[in-house]
Amino acid sequence: MSARIRSVEAMQVAWAPGDAPGRRSAFVRIETEDGTVGWGEASPMQGGLHSLGIVERDLAPALVGRDAFEEAVLHDELLHRNIKLGPEGALTGALAAVDIALWDIKGKTLGLPVHRLLGGAWRTELPFYASIGGHAARTLDETVRVVEARWRKEMPSAIKIRWDGDRTRQDADIPGDIAKARAVRQLVGEGYPLAFDANNGYSVGGAIRVGRALEELGYVWFEEPVQHYDVRGMGEVAQRLDITVSAAEQTYTTQALVDIIRAGVRMVQPDIVKMGGITGLMRCAAICHAHGVELVPHQTQPTIAHVANLHVLATLMHLTKPAEYADPSGRMDAAFPDLPKPENGRFRVPDGPGLGLAVDESVLRARR
């Protein structure tokens, strides 16, 4: 059985007039000769235009006429054919969008959900954590109000507070950051799982200082404390703290993932729309299992990427942390009428063919 690819279309979608690039979505639509349509998504960094440009100019011509069932062959062939663009970032994001769409096609053609194609689901419902960003710019009281609103509305299994600060500055307000972390702990009470995402904001020394405070406050993990490209520094922080230090949201190849594990990071967070899609993330799962480290994928996009991520998480035997849920606004719902919604702190993994996600193309094209 095969499914020959007839067309590949890349599109950037703006959900509201004046949306900043990072608030837009980068989608890929692949159609086979029998009319089956698969949907994929790339990282929306700078609107995803770099990845979409690679899809249009470099990947699409090579995909037309190929068998959509050969997703792993196509992934590696296209990576190495375009390797001089740089093996990380925009290229792996483009490959991710294509790969997710190909898995969607395979599932629809065979009449099976992606998680069954991957070997089966250990679970069909997944707890989630509320991922709440922007706290570098908020006062302590604002931080508490924003966190409380999400906590009470969604009943998540855990909460992660993200800083999203200016990466050209380090250790900008360590006492203030610790005070906000303490206030959130006081809000939710002792024992409730909390995580702290520094978004690359500290020096090694600053990260250790903050990490010690987080240990005393009972936080579960400390995410990207130093610049992601400082693999040695990330490993040093991880080895000197008792709190679990996580990284690899900005890691784009399996080789780079191994490097950060060898540096001492014991919880890694590659993103399905940044490092090769479903094929890439399943390879990460094998690496993590072999090295005995936790795989807790980063994922902030609420539609195609979110659902693809749920399918992968369902197949992981050792799933130690909830799934990330960052954007509960519903601003994209019109294009995805059956998008999974959180219920009692959990998401149900779709069981329809492919991703199991309906797409209203007219809505997407009107916002293209």
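**A first selection: Asn199**

Select Asn199, which is buried, with a relative accessible area of 7%. The model is a predicted one, and Asn199 sits in the loop that joins β6 (194-197) to α7 (204-217). Inspect the backbone at this position: the phi of Asn199 is positive, about 50°, although the residue is not a glycine.

**A second positive phi: Asp164**

Move next to Asp164, another residue that is not a glycine but has a positive phi of about 50°. Asp164 belongs to the loop between β5 and α6 (174-188). Is Asp164 buried or partly exposed? With a relative accessible area of 38%, Asp164 is partly exposed.

**The whole chain**

Zoom out to display the entire chain. Twelve helices and twelve strands are present. The radius of gyration is 20 Å, close to the 21 Å that the globule rule gives for 368 residues, so the chain is as compact as a globular protein of that length. Along the principal axes, the C-alpha atoms fill a box of roughly 60 × 40 × 40 Å.

Colouring by accessibility is a suitable next step. Of the 368 residues, 60% are buried. The chain exposes about 14600 Å², and 50% of that area is supplied by carbon and sulfur atoms. For a view of the charges, select the 41 positive and 47 negative side chains; the centres of these two sets lie 1 Å apart. A contact map may also be drawn: among contacts between residues at least 6 apart in sequence, 72% join residues at least 24 apart.

**Strand β5 and its partner**

Select residues 158-162, which form strand β5; five of its five residues are buried. Which residues of β5 point one way, and which the other? Ala158, Lys160 and Arg162 point one way, while Ile159 and Ile161 point the other way, and all are buried. The charged side chains of Lys160 and Arg162 thus merit a separate display, as both residues are among those buried in β5.

Add strand β4 (residues 125-132) to the selection. β4 and β5 pair in the parallel sense over four bridges. To find the register, label Tyr129, which stands opposite Ala158 in β5.

**Asp177 in helix α6**

Continue to helix α6, where Asp177 is located. Asp177 is buried, with a relative accessible area of 6%. Leaving aside neighbours within four places in sequence, Asp177 is in contact with Trp163, Phe196 and Tyr202. For a sense of scale, draw a distance from Asp177 to Ile287: these residues are 110 apart along the chain, and their C-alpha atoms are separated by 34 Å.

**Asp104 in helix α3**

Select helix α3 (residues 90-110), which contains Asp104. This aspartate is buried, at a relative accessible area of 2%. What does Asp104 touch, not counting residues up to four places away in sequence? Asp104 touches Val37, Gly38 and Trp39 as well as Pro353, Gly354 and Leu355.

**Helix α9 and its surroundings**

Select residues 254-263 for helix α9, in which Ala256, Leu257, Val258, Ile260, Ile261 and Ala263 are buried. An α-helix has 3.6 residues a turn, so residues three or four places apart point the same way. Show the buried residues of α9 together with the elements they pack against: α8 (231-240), β8 (244-247), β9 (267-268) and α10 (277-291). After α9 comes Gly264, with a positive phi near 125°.

**His306 in helix α11**

Proceed to helix α11 (residues 304-314), in which His306 is found. His306 counts as buried, at 2% relative accessibility. Beyond its neighbours within four places in sequence, His306 is in contact with Gln299, Gln301, Glu324 and Phe347. Keep Phe347 displayed for the final stop.

**A last stop: Lys341**

Lys341 is placed in the loop between β11 (323-325) and β12 (346-348). How accessible is Lys341, and what is its relative accessible area? Lys341 is partly exposed, at 34%. Not counting residues up to four places away in sequence, Lys341 touches Gly330, Asp333, Arg346 and Phe347; Phe347 is also in contact with His306. To close, draw the distance from Lys341 to Gly330: the two are eleven residues apart along the chain, and 9.5 Å separates their C-alpha atoms.

Definitions and conventions:
Residues are numbered from 1 along each chain as its sequence is written. This is a predicted model: local features need pLDDT of at least 70, side-chain atom pairs count only at pLDDT 80 or more; totals for chains, interfaces and linings use all residues. Side-chain values use heavy atoms; hydrogens and water are left out. Helices (H or I, at least four residues) and strands (E, at least two) are DSSP runs, numbered from the N terminus. The radius of gyration is taken over C-alpha atoms; the globule rule is 2.2 Å times the number of residues to the power 0.38. Buried means under 20% relative accessible area, exposed over 50%, partly exposed in between (1.4 Å probe, protein chains only). Contact means heavy atoms within 4.5 Å. Accessible areas come from the Shrake-Rupley method with a 1.4 Å probe; for residues, only the protein chains shown count as cover. Lys and Arg count as positive and Asp and Glu as negative; His and the chain ends are not counted. The place of a charge is taken as NZ of Lys, CZ of Arg, CG of Asp or CD of Glu. Two strands pair if DSSP finds at least two bridges between them.
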